[in-house]
Amino acid sequence: MILSVHNICKSFDGKDILKGASFHLENNEKAAIVGINGAGKTTLLKIIIGQQSADEGEVTFSKDTTWGYLAQNQNIDTENTIYEELTEVKKDVIALEQNIRQAEEDMKHVSGDELSNLMDRYTRMNDEFQRMSGYAWKSEVTGVAKGLGFLDEELDKKINTLSGGQKTRVALGKLLLQKPDLIILDEPTNHLDMNSIRWLENYLLNYKGAVLIVSHDRYFLDKIAGKIIEVENTKVTSFTGNYSTYAVKKEQMRAIEWNAYMKQQQEIKHQEEVIAKLKSFNREKSIKRAESREKMLDKIEVLDKPVTINDRMKISLKPSCESGGDVLTATGLAKSFGNEHLFSGIDFEIKKGEHVAIIGDNGTGKTTLLKIINGVESLDAGEIELGVKVHIGYYDQEHHVLHDEKTLFQEISDAYPTLNNTEIRNTLAAFLFTGDDVFKRIGDLSGGEKGRVSLAKLMLSDANFLILDEPTNHLDITSKEILETAISGYEGTVLYVSHDRYFINRTATRILDLTHGQMVNYIGNYDYYIEHVDEQMNRLFGTGSNVGNAALADGSYKYSAGNFDDASAESALSGSSDTTVSAGSMQSSVASTSGGGSADWKAQKEAQAKRRKLESALKKCEEEIAKLEARDSEINELLADPSIGTDLAKLRKLTDEQTEIQDKLAALYDEWENVSSELEEL
């Protein structure tokens, strides 16, 4: 075991973030921490690495363990170039290499014992150099730099001139080159393009050490993780398997927890009704039994109501008017910014009802293309023609359509004044804004929350052609799944740019790859693209990208294009190898099930019949008790009448009837308790 996290508790301002959090990590294990935004994932990482202290609990690394941590954002400020900063990691190897070269030079000028001693030292240095993989350090540095998306000509750029995302990539490169026993990464794919993410997947998959990742990239987690550590409602739970395996198990657990909670609540309600009924009999024997049941009820450990997350909420995204069959036709598109040439001669069409994803490396012009279609950017050449009755709804990464000074409720109600309060609240609830959340200011929201509000507004618009720029950016997994459900069921047309391969797999019917300044068409989802990209690249450009082979190195991603929309398809992502079920084995399974089920079915029918009989007896008993108790009350009223008190014959008759009623009630009370007990046991 390389890492042990035991009973960690942490709270901020009296609010519990983590309670009793425990998990462990084995040597070479690849694990991921998942949970909604704000669940405490990054807090847990910071406690592990010692940046924050826990209120309780302990974190233990095995002896002599080395670890490296990559935060989401880096603030590296140095005059070093990218190459110099990366080679800082190899300074010991570089220094040793220089000493070896110097020793080689010195040996030319000495003799005797001095030469013998120098040769011994030279041998030791060479052995150490080989142990440190010294002969490969240059290729390691350039390989990692290229893998993370840095071109050769970019390696001379100074660190202090880079963007935040580029600095994070440099920091990630340094961490990978250090090769610690445990790599800890917080959202490592945020600033990487698809090629770099695929490279990182394969690097980590083959890494001879342990990896602990926080990420919302489900495709990445499916490829890398063998264990999922969930942070939810202050608790930490470990699941064996990748993300899709976890998702299935989690759904099963939710169902079990909810059923257990509902069953206990029903039992508590039943016991309370029985207690009330026994007390209503108002006799010593029944009251004692009621008190006994109350004591038993007090000892029950009441289950907490399971946290309900609206990740299965059905969102209806239906255009108010239909467009024509031809939604968009692009001909001869070209765009450059100064000397930076993005693309030229691009032709493509979008048809009604298509869900088209545009993919490509960073800087190829994907977002620029969306802005051109939406009229935000101008074309250098070419023409874009929209079809009949096409109404565009545009979602950008900066959420420019929002007003910081407004509340969420005002943002929706001002944009759509015909909606009533219930409709506005239902719309916001669909994107996980409930209760007092609707009165938060837009300016106080996180990036992910702003994204959800923008998508909610888009859902209500009259658009029938949605153009989305990185719609899943900053969204947690739950929010992504809500959006996937909405887009998958959308009856209009969608064109979007995304790096989220899981999202593309779930929602795209076609992929346009903006590469080499051209647009390459793939009729299928992301897995279809992976299977065919090398063939297309070879055919069009004479050089394979090796994307498909790299991404499918472990054989775990083999499912058909466009067939990833239900639980059975999701289970194909479990990380297991291909499974074949033959007709013979299926028939055998069915036969054994039907053969063994006959006795169970008979027993079930008998139990149902017995329950119905007991329920009928209980109902009849309660009706008889109610009737007798009502008559007993009538007699009490009659006995209070002075005219009855002077009529001895009537008085005797009524008291005899009341005695008979009390005897019958005593028997009925006993019968009611016996039947109730039988029903409880059943």
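Which residues lie on one side of S15 and which on the other, and are they buried or exposed? The close-ups below come from a predicted model, and we start with that strand.

**View 1. Strand S15 is covered on both faces.** Phe-465, Ile-467 and Asp-469 sit on one side of S15, Leu-466 and Leu-468 on the other, and all of these are buried. In other words, five of the five residues in this strand (465-469) are buried. In a regular strand the side chains alternate between the two faces of the sheet. S15 also has pairing partners to look for. Strand S14 (residues 392-395) pairs with S15 in the parallel sense over four bridges, and here Tyr-394 stands opposite Ile-467. Strand S16 (residues 493-497) pairs with S15 over five bridges, again in the parallel sense; Leu-466 has Val-494 of S16 as its bridge partner.

**View 2. Three strands make an open antiparallel sheet.** Follow the order S2-S1-S4 across the sheet. Strands S2 (15-25) and S4 (56-61) stand at the edges with a single partner strand each, so one side of each has no neighbour in the sheet. From one strand to the next, the twist averages 20°. Strand S1 (residues 3-12) is joined to S4 by five bridges, and Leu-3 stands opposite Phe-61 of S4. Helix H1 (residues 41-49) packs on this sheet and touches S1, S2 and S4, its direction making about 120° with that of S1.

**View 3. Helices H9 and H22 pack against each other.** The axes of H9 (residues 243-281) and H22 (residues 648-681) are 11 Å apart and meet at an angle of about 170°. The two helices are therefore roughly antiparallel, since angles over 145 degrees count as such. On the H9 side, the contact is made by His-270, Gln-271, Val-274, Lys-277, Leu-278 and Phe-281; on the H22 side, by Tyr-669, Trp-672, Glu-673 and Glu-680. Sorted by character, the residues of this contact are five nonpolar, two polar and three charged.

**View 4. A salt bridge joins two buried residues, Glu-140 and Lys-90.** The closest N and O atoms of this pair are 2.9 Å apart. Glu-140 belongs to helix H5 (residues 137-147), while Lys-90 lies in the loop between helix H2 (82-87) and helix H3 (91-106), so the bridge links parts of the chain 50 residues apart. Both partners are buried.

**View 5. Lys-351 and Asp-326 meet in a salt bridge between strands.** Here the N to O distance is 2.4 Å. Lys-351 is in strand S11 (residues 340-351) and Asp-326 is in strand S10 (residues 326-337), 25 residues apart. Lys-351 is partly exposed, with a relative accessible area of 34%, and Asp-326 is partly exposed too, at 44%.

**View 6. Lys-288 and Glu-284 form a salt bridge within helix H10.** The closest N and O atoms are 3.4 Å apart. Because the two residues are four apart in H10 (residues 284-299), about one helical turn separates them. Glu-284 is exposed, with a relative accessible area of 58%.

**View 7. Five residues share a network of salt bridges.** The linked residues are Arg-218, Lys-480, Glu-484, Asp-500 and Arg-506. If you would like to keep exploring, the structure holds 41 salt bridges.

Technical notes: Residues are numbered from 1 along each chain as its sequence is written. This is a predicted model: local features need pLDDT of at least 70, side-chain atom pairs count only at pLDDT 80 or more; totals for chains, interfaces and linings use all residues. Side-chain values use heavy atoms; hydrogens and water are left out. Two strands pair if DSSP finds at least two bridges between them. Axes are lines fitted to C-alpha atoms, for helices over the stretch in contact, and angles run from 0 to 180 degrees between N-to-C directions. Contact means heavy atoms within 4.5 Å. A salt bridge is a side-chain nitrogen of Lys or Arg within 4 Å of a carboxyl oxygen of Asp or Glu. Buried means under 20% relative accessible area, exposed over 50%, partly exposed in between (1.4 Å probe, protein chains only). Angles under 35 degrees count as roughly parallel, over 145 as roughly antiparallel, 65 to 115 as roughly perpendicular and the rest as oblique. Ala, Val, Leu, Ile, Met, Phe, Trp, Tyr, Cys and Pro count as nonpolar, Asp, Glu, Lys and Arg as charged, and the others, Gly among them, as polar.
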